[in-house]
Amino acid sequence: MQLPADSNGNIPNLGSGTSHYLYANKTGANYNKANKTSAIMVNSNENIRYVTVEEISGGADQETDINFRDRINLSNRTVAPSSPYNGIITAIEKVTGVTAVRIIANDTMVDDTTTNTPAKSIHIYVNGGYKNDVAEAIFNSVSAGVSTVGQQKIDVTDIAGGKHTICFDYPTTQDVYVSIKLTKTNEYPLDGDEQVKKIVMKYINEVGMGNTVYYSYLYRLIYDQVPGIQVADIKIGTSKDSLAAQDITLTNVETAQVTAEKVMIS
């Protein structure tokens, strides 16, 4: 039974607790949350006044066939003896949800300020994967004495009970804007604009870290999948004020992201 309110009308605070069970209605990188957010209780309880989630990470979009094939090929190549960096990449690639890994190594005695990589350290970027699982994979593959850097800082325990802090980063997000002008025929469906948006979003959001967004690919995709398009004029860019018939090349630590609001159809 809930305790009665005090003289000021406030209900006493019975304390707080932590739960590790969390269920998501949808999946994908867009549903990661860096800050505290409210949660909905599936089964309400009068003894619980509210629920907040401190952080949600590790969500990743569905891996494309091309990325999956590249990851399997990389795994097969690194079965044979190879460099420590390949061993780190292979270990992280095995983590559920991880679609790409990039390593920036600084073997010099001078800090690399352009990549935020101090001297004698490695800066690992991981696309997808739960951060604790990624940290375990890094800890089990990186050589002793090598410093890892990044905004994600996770404590890992060795078999003797010692604590070690593993650092890495998730890739930065590059927003993409798309403008599509269509000349339509009577065969164009009533929900044609929504179909086109979904096609554009699926392609761009699955391009992957460090790859290139090819605007010409969008022509083939929408012509093949949506009937009633007579002529299409497609322009893309990283700002809605600088759209052109151009490709967008992502850096090794960037992923592309486009939302429905950034796909403009006329």
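The mean pLDDT of this protein is 83, and 76% of its residues score at least 70. The model is a predicted one. Residues 1-5 fall below a pLDDT of 50, and in the model this stretch makes 11 contacts beyond near neighbours in sequence. The protein contains five helices and 14 strands. Of its 266 residues, 33% are classed as buried.

**Overall organisation**

- Among contacts in the protein with a separation of 6 or more, 60% are between residues 24 or more positions apart.
- In soluble globular proteins, nonpolar side chains tend to be buried together.

**Nonpolar cores**

- The largest nonpolar core comprises 26 residues, and Val178, Leu182, Val196 and Ile204 have the most contacts inside it.
- Two or more residues of this core are contributed by each of β9 (177-184), α4 (192-205), α5 (215-225), β11 (229-237) and β14 (263-265).
- Helix α4 provides the largest share of this core, with five residues.
- Another core, of 18 residues, lies apart from the largest one and includes Ile92, Val142, Val156 and Phe168.
- With neighbours within four places in sequence set aside, Leu182 contacts Tyr188, Asp193, Val196, Ile222, Ile229, Val231, Ala232, Ile265 and Ser266.

**Aromatic pairs and the tyrosine cluster**

- The count of aromatic pairs is five.
- One of these is the tilted pair of Tyr203 and Tyr217, with 5.7 Å centre to centre and 50 degrees between the planes.
- Because Tyr203 belongs to helix α4 and Tyr217 to helix α5, this pair ties together parts that are 14 residues apart in sequence.
- Tyr203 has a relative accessible area of 15% and is therefore buried, the cut-off for that class being under 20%.
- Tyr217, by contrast, is partly exposed, with a relative accessible area of 36%.
- Tyr217 also forms a tilted aromatic pair with Tyr214, at 5.1 Å centre to centre and with 35 degrees between the planes.
- Tyr214 is likewise partly exposed, at 33% relative accessibility.
- Through these ring pairs, Tyr203, Tyr214 and Tyr217 are linked into a cluster.
- The face of Tyr217 is also covered by a side chain: Arg220 lies over it, at 5.8 Å from the ring centre.

**Asparagine 127 in strand β4**

- Asn127 is located in strand β4, which spans residues 121-127.
- This asparagine has a relative accessible area of 18%, so Asn127 counts as buried.
- The side chain of Asn127 is joined to that of Thr99 by a polar contact of 2.9 Å.
- Not counting residues up to four places away in sequence, Asn127 touches Gly97, Val98, Thr99, Ala100, Pro171, Met209 and Thr255.
- Thr99 thus appears both among the residues that Asn127 touches and as its partner in the polar contact.

**The loop between β3 and β4**

- Met109 is situated in the loop between β3 and β4.
- The relative accessible area of Met109 is 69%, so this methionine is classed as exposed.
- Met109 touches Ala119 and Lys120, when residues up to four places away in sequence are not counted.
- The C-alpha atoms of Met109 and Ser121 are separated by 9.7 Å, the two residues being 12 residues apart along the chain.
- Asn116 also lies in the loop between β3 (100-106) and β4, and Asn116 is exposed at 58% relative accessibility.
- Lys120, which Met109 touches, is found in the loop between β3 and β4 and is partly exposed, with a relative accessible area of 47%.

**Positive phi values**

- Most residues other than glycine have a negative phi.
- Asn116 is not a glycine, yet has a positive phi of about 55 degrees.
- Lys120, also a residue other than glycine, has a positive phi near 55 degrees.

Conventions. Residues numbered from 1 in each chain as written. Predicted model: local features only at pLDDT ≥ 70, side-chain atom pairs only at ≥ 80, totals over all residues. Heavy atoms only, no water. pLDDT = per-residue confidence, 0-100. Contact = heavy atoms within 4.5 Å. Core = buried A, V, L, I, M, F, W, Y, C linked by side-chain atoms within 4.5 Å. Buried < 20%, exposed > 50% of the residue type's maximum accessible area, 1.4 Å probe, protein only. Helix = DSSP H or I, 4+ residues; strand = E, 2+ residues; numbered from the N terminus. Polar contact = N/O pair within 3.5 Å; in protein donor to acceptor, adjacent residues only side chain to side chain. Phe/Tyr/Trp six-rings, centres within 6.5 Å; stacked < 30°, edge-to-face > 60°. Lys NZ or Arg CZ within 6 Å of the ring centre and 35° of its normal.
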